[in-house]
Amino acid sequence: MKRKKPIYVETFIRSDLDTVWKYSQDPKLHEQWDLRFSEITYLSKEREDDPQHFLYKTNIGFGMSISGTGESVGKRENQTGKVSSLKFWTKHPLSLIKEGSGYWKYIDTNEGTKFLTLYNYNPALGIFGKILDLLFRPLLGWATAWSFDTFRLWLEKGIPPHLSFCRSFIFYIACFILSFIWIYQGLVPKILFQHTGELDLVQSIGWFQGYESVLLYLLGLFQILFGLTFLLFGRWKSLHILNIIALLLLGIAATLSDVTTLLTPFNTTTLTIAMLGLSFISLLSLKDLPNATACIRKVPSRRE
């Protein structure tokens, strides 16, 4: 069977080549920014020119990890930069990768260093592994690109990888909660259970006599679609600004239509303030947040 398309990731780091080399080749520094590896250990060599063997481990949660072995099979220097080639393999029963190979390339420029990788692998677990690889390969490519941008922020702006991880976790949790609330508010009280109060609220306005249920259904559908945008386009500042404006308008309208809602537990006002806070948190977190799409993912037609 024909091998799948290799994973390619390229970024530009405004730092000198020696620094980029050090922070990517030193195992204790490398494991800090690369999502693919939780631990990297170099094994001792008998001779200086022997290939460098190393052990790697990736934590997958619930106290479990996948381990494997790698080997640096060559390093060369030229006038424009350096290349580090390697191969890796594992027999771990949970690994979706059987074996693979690739290289890292460092290209020196006047403004900084072009840092790129290209690698490929054979899936493990037979036919089942090849099916899972349809999802795993894009995820691994995303993790590589996200890690490269985290690495760039570390060297360019001094943002430690662990801080980037924490800020990203906070940001994505905020976007997920916003998405969940909008989808829930659209699906449950407006589409599935209209007679829990939402329908009475629309009927009390008196503007849509006979069409209140249809209007509520359309509003629910709109809220669901709006909620999904936080999963797809959560990094758009304009989305969170629109969310803040919408929440303020809806909160004011709901309060004016029935001021007694301010007295009920978990009312519209408290929900609105919580959602406003999540959007403000998202906006504050967006600055210098690692972004996989900031990297080049397509192999150039002309290789350098």
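**Exercise 1. Describe how helices α1 and α3 pack, and which residues form the contact.**

Solution. Helix α1 and helix α3, the latter spanning residues 126-157, pack at an angle of about 130 degrees, and their axes lie 11 Å apart. That angle makes α1 oblique to α3, since the oblique class takes in angles that are neither under 35 degrees, nor over 145, nor from 65 to 115. The structure examined here is a predicted model. The next step is the handedness: α1 passes α3 in a right-handed crossing. The last step is to list the residues on each side. From α1, the residues T19, V20, Y23 and S24 take part, and they meet F151, W154 and L155 of α3.

**Exercise 2. Determine which residues of α1 are buried and how they are arranged around the helix axis.**

Solution. Helix α1 covers residues 17-25, and within it L17, V20, W21, S24 and Q25 are buried. These residues cover an arc of only 110 degrees around the axis, which puts them on the same side of α1. The N-terminal end of the helix can then be inspected. D16 caps this end, with a side-chain oxygen 3.3 Å from the backbone nitrogen of D18.

**Exercise 3. Characterise W21: its place, its accessibility and its contacts.**

Solution. First, the place of W21 is in helix α1. Second, its relative accessibility is 17%; because buried means under 20%, W21 counts as buried. Third, when neighbours within four places in sequence are left aside, W21 is in contact with D26, K75, K82, S84 and Y106. A distance to a remote residue completes the description: W21 and A253 are separated by 232 residues in sequence and by 58 Å in space, C-alpha to C-alpha.

**Exercise 4. Describe the packing of α3 against α4.**

Solution. Two packed helices are described by the angle between their axes and the distance between the axes. For α3 and α4, the axes come within 9 Å and cross at roughly 125 degrees. The two helices are therefore oblique to each other. As to handedness, α3 passes α4 in a right-handed crossing. On the α3 side the contact residues are W146, T150 and W154, which meet P161, S164, F165 and S168 of α4. W154 also appears among the α3 residues that meet α1.

**Exercise 5. Decide whether R152 and S164 are buried or exposed, and list their contacts.**

Solution. R152 has its place in helix α3. With 18% relative accessibility, R152 counts as buried. Apart from neighbours within four places in sequence, R152 is in contact with T11, F12, I13 and K157.

S164 is found in helix α4, which comprises residues 161-192. At 0% relative accessibility, S164 also counts as buried. With neighbours within four places again left aside, the contacts of S164 are W146, T150, I159 and P290. Of these, W146 and T150 belong to α3.

**Exercise 6. Describe how α4 packs against α8.**

Solution. The angle between α4 and α8 is about 145 degrees, and their axes are 9 Å apart. Helix α4 passes α8 in a left-handed crossing. The contact can be read from each helix in turn. Helix α4 contributes R167, I170, F171, A174, C175, I177, L178, I181, W182 and Q185. In α8, these residues meet L271, M275, L278, S279, I281, S282, L284 and S285.

**Exercise 7. State where L125 and D288 lie, and give their phi values and accessibility.**

Solution. L125 lies in the loop between β7, residues 113-123, and α3. Its phi is near 70 degrees, a positive value in a residue other than glycine. At 41% relative accessibility, L125 counts as partly exposed.

D288 lies in the segment after α8, a helix of residues 268-285. D288 is not a glycine, yet it has a positive phi of about 55 degrees. With 22% relative accessibility, D288 counts as partly exposed.

**Exercise 8. Locate R47 and classify its accessibility.**

Solution. R47 is found in the loop between β2 (39-42) and β3 (52-61). Its relative accessibility is 51%; because exposed means over 50%, R47 counts as exposed. The position of R47 relative to K105 can be added: the two are 58 residues apart in sequence and 25 Å apart in space, C-alpha to C-alpha.

How values were computed: Residues are numbered from 1 along each chain as its sequence is written. This is a predicted model: local features need pLDDT of at least 70, side-chain atom pairs count only at pLDDT 80 or more; totals for chains, interfaces and linings use all residues. Side-chain values use heavy atoms; hydrogens and water are left out. Buried means under 20% relative accessible area, exposed over 50%, partly exposed in between (1.4 Å probe, protein chains only). Helices (H or I, at least four residues) and strands (E, at least two) are DSSP runs, numbered from the N terminus. The arc is that of the directions from the helix axis to the C-beta atoms. A polar contact is a pair of N or O atoms within 3.5 Å; within protein, one must be able to donate a hydrogen and the other to accept it, and residues adjacent in sequence count only if both atoms are side-chain atoms. Axes are lines fitted to C-alpha atoms, for helices over the stretch in contact, and angles run from 0 to 180 degrees between N-to-C directions. A crossing is left-handed if the near helix is turned anticlockwise from the far one by less than a right angle, and right-handed if clockwise. Contact means heavy atoms within 4.5 Å.
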